[in-house]
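Here is a briefing on selected features of the structure below. Please keep the sequence at hand while reading.

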Amino acid sequence: MKQFLSHFQTNFILGVTLLCNVAALPNDLISLIQETSSLDTSSQSTLDSAEGSTIPDQSTNPGSPTQPSKDPDDNSDGNNGDDGDGGEDDDPKDDSPELFDFNSDLIIRAVNPGYTTTDSDGNKLNEAGEFIELENLTGSELALAGYTLQYDYGSGNTMTLFTFPEGSYMTGKRLLLSYKSSSDADKADLTYSRSLATEAGPLVLFYEDEMVDSVCWRSDTYCAGYNKISKFNKTVAVRDLSLGDFKQLAKDEYLPYEIDEPSGLYLPLGYDDEDNDGEEDPPEEQKAPQCRGLEFSELLTYYAEDKSEQFIELFNPTGSDIILDGCQLNYKKKLYDLSGNVPSGAYYAYYLDGQFSLTKNPKDPSLLTLIDADGEPIDEVAYPNGQKKSTSYSRIFAEDGTESWQVTYAITPGAENIYQKFRNCEEGKIINEATGNCVKVTSLKASTSSTTKTIAPCPAGQYRNPLTNRCKKVATTTSSTLKECAEGYERNPETNRCRKIKQPNDGADYAISPTETSNQTVFIGIGIVAIIILLGAVYTILQFRQEIARAARKARQRLDCIRKDLIARCIGRHRDKKS
C-alpha cells in the first residue's frame, strides 16, 4: 500500500508539472512569432535600402493615418491586440489643441508692417522686417491658383500685392512674402512692391473673388467684418490656430526668417526663370514712392475775382528735388493727378487751372489728402469754416518753433508764409482793429512846403483836439469875465459851463416801508358790505310790500287771461278742422 501511494504521488507531481508547461506554451509561441515578424521587417527594410528603394514615411504624410508602434511586451490591456475589439484603446492620446474651423486651406498666419532701424554702418533702414506669412493647413500639396492677396492703403482704394498664377502650388507648411525693399527680403519666398502701413489696412486673402481670410488694424468702424487687431507698435500679429484670432507679440518673439520650414513653392515658367531672378513681375499699377516728405503749406480757396486764383502750396523739406508726376490729390473722394517739380527746401504753388475747384468757405471742414505714386497717404489738411475773401489758410511757425494753421491776409504763393491779421487799406484809410474794416483818416489842415507837409498851428485862444485833430476854443479861466449862471444853476469847474444844481433828496434818509394787508381784514370788509346790502333789501321789501303784492296779483291775472285765450283758440281751430 505504501509503495502504491509513493508511485501515485510521484506521478501526480509529474502530471501537474506537465500541465503547467503546456499552459505556458501559447505565450512563448506568440513571443516567438512577434520576434520573427520584427526580424523579417527589419531585414526587408535593409534589403530595400540596399536596392535603392524608399518606403514612404507615413508620419510626414498627413493624408495617410499614422500607425503607432506597440510594445510587444506591454500586455496591460489584457487583450494582446488580437481580440478585435480594442482598436480605440490602441490609439495614442493627442495632446495638440483642436484646429479652428477656417474657411480656407490657406490662411494668413502672421503679418508685420515693418519698423525703422539702422544697419551696422548707421544707415537708416525703412520697413525693416516687413513680412506676410501664409500657412497651408492641409499638410500636403496645395494648389495656389486662384488665391489673391490684396491690401487697402487707407484712402478706400485697394492694391493687389500678389496673385498666384495657374500652375503654382506649395508642398510645405508656410509661405513667406516680404516687401522687396525690406532688409530681410532675400530670405523670403516671394516679394511684393507695396509697403504696408502701421495705421492702415485691411489685408485680405481672396479665393476666386471671395474673401476667405483677413486682418485689419484701423478704426472699429472701418474694420467691421474683418479680423480686428489694434494698431501696430513694433509688434507682430500672429494667428492663434486654436481660436482663429490674432495676437500681437513683440517683434523679437516671432521671427519667421529663422524658422527652418521650406515652403516648397513652385511657380510656372515666367515667374522663376533667370529673367525674373526668381521674383514675380509687379503689376503695372504699382509704382515706386517718389513724393515722400512733401507737406501742405498754404491753401487759397476764397478767391477775390475768379476761381483761377485758387492754389495749393506744397513745401519740400527734404534734401533732394521731388517730381510730382504720378502723385495725386484726394478731394471729396476723387483723385486728381499732380505734375511739376518741387526743388529741395522750396515752396511750390500748384494752381488748379480748372482741373477742379475748392469750396470757398465750407460749412464743415474739407479734407485734402496728398497721395504718393504708390498710393500711400503722405500728408493731409482740413480747412474749416471761417475763410474770408482774399485770404489764405497757411501753416504759420511761431518764434518758439511751434506751428499752427491760420487765416492770413498775406497771400504768399511759392514763398514762406507770413501771418497778417488785418487787410491792407487803400490810401487815405486805416484799419479799425475793433471791426477789422478800413475807415477814412480825419483830414488835417496842413501847409505844403516843398515835399514836406506840416500841420498848421491853431489860432490864439484855441487848442487842437487830440481826438479829431481840429482846433477848439480854449475856455477862459478868469471868473470876472464869465457871465453869472441863472438861478438854480452853478458853474462846472471842469468846463466852466453852467449846469443845473442837483436838488438834494430829503427822503433819502428814510426807508420806504411797504403797507401790508392780511386776508382776514379783506374778509371782514367784504362781510360788512354784504350785510349792508342785505339790510337795504329787507327795508325796501317791508316799505313797499303792498305795492309789490298788488303788482304780483295783476301779473298773475294777466297770465291767466293769456292762458285761457290760448286754450279757446286751440279749441276753435280744432272745431274748424272737424267741420
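Arg556 is partly exposed, with a relative accessible area of 48%. Its place is helix α4, which spans residues 545-578. Arg556 also belongs to a positive surface patch, together with Arg550, Arg553 and Lys554. The model is predicted. The points below take up surface patches, strand pairing, salt bridges and loops.

**Surface patches**

- Arg550, Arg553, Lys554 and Arg556 make up the positive patch. Patch residues must have over 30% relative accessible area and no salt bridge. Arg556, at 48%, is therefore above that accessibility cut-off.
- A nonpolar patch also lies on the surface. Its members are Phe523, Ile524, Ile528 and Ile532. Together they offer about 450 Å² of accessible area.
- Ile528 sits in helix α3, residues 519-543. Its relative accessible area is 47%, so Ile528 counts as partly exposed.

**Strand β25 and its partners**

- Is strand β25 mostly covered or mostly open? Strand β25 covers residues 392-397, and 5 of its 6 residues are buried.
- Strand β16, residues 295-300, pairs with β25 in the antiparallel sense. This pairing has 2 bridges. Here Leu299 stands opposite Tyr393 of β25.
- Strand β26, residues 403-408, also pairs with β25 in the antiparallel sense. This pairing runs over 6 bridges. Trp405 in β26 is the bridge partner of Arg395.
- The hairpin of β25 and β26 has 5 residues between the strands. Within the hairpin, Gly401 takes a positive phi near 95°.
- In a regular strand, side chains alternate between the two faces of the sheet.

**Salt bridges**

- How many salt bridges are counted? The count comes to 14.
- Glu135 and Arg174 meet through their side chains in a salt bridge, at 3.8 Å from N to O. Glu135 lies in strand β4 (residues 131-136) and Arg174 in strand β9 (residues 174-179), so the pair ties together parts 39 residues apart in sequence.
- Are Glu135 and Arg174 buried or exposed? Both Glu135 and Arg174 are buried.
- Glu135 and Arg174 also take part in a network of salt bridges. Arg109 and Glu133 are linked in that network as well.
- Arg395 forms a salt bridge with Glu403. The closest N and O atoms are 3.4 Å apart.
- The two ends of this salt bridge have their own degrees of cover. Arg395 is buried, because its relative accessible area is 11% and the cut-off for buried is under 20%. Glu403 is partly exposed, with a relative accessible area of 44%.
- Arg395 thus appears in two contexts: Trp405 is its bridge partner in β26, and Glu403 is its salt-bridge partner.
- Glu490 forms a salt bridge with Arg499. Here the closest N and O atoms are 3.2 Å apart.
- Glu490 is partly exposed, with a relative accessible area of 32%. Arg499 counts as partly exposed too, at 40% relative accessibility.

**Loops and positive phi**

- Where is Glu208? Glu208 lies in the loop between β11 (203-207) and β12.
- Glu208 is not a glycine, yet its phi is positive, at about 50°. At 54% relative accessibility, Glu208 counts as exposed, because the cut-off for exposed is over 50%.
- Ser390 is found in the loop between β24 (377-383) and β25. Phi of Ser390 is near 60°, again a positive value in a residue other than glycine. Ser390 counts as partly exposed, at 30% relative accessibility.
- Tyr226 has its place in the loop between β12 (210-215) and β13 (235-239). Its relative accessible area is 29%, so Tyr226 is partly exposed.
- How far is Tyr226 from Val215 in space, C-alpha to C-alpha? The distance is 5.9 Å, while the two residues are 11 residues apart in sequence.

Conventions. Residues numbered from 1 in each chain as written. Predicted model: local features only at pLDDT ≥ 70, side-chain atom pairs only at ≥ 80, totals over all residues. Heavy atoms only, no water. Patch = residues over 30% accessible without salt bridge, like charges linked within 9 Å, V, L, I, M, F, W, Y side chains within 5 Å. Areas by Shrake-Rupley, 256 points an atom, 1.4 Å probe, with all protein chains shown as cover. Salt bridge = Lys/Arg side-chain N within 4 Å of Asp/Glu carboxyl O. Lys, Arg positive; Asp, Glu negative; His and termini not counted. Charge placed at Lys NZ, Arg CZ, Asp CG, Glu CD. Helix = DSSP H or I, 4+ residues; strand = E, 2+ residues; numbered from the N terminus. Buried < 20%, exposed > 50% of the residue type's maximum accessible area, 1.4 Å probe, protein only. Pairing = 2+ DSSP bridges.
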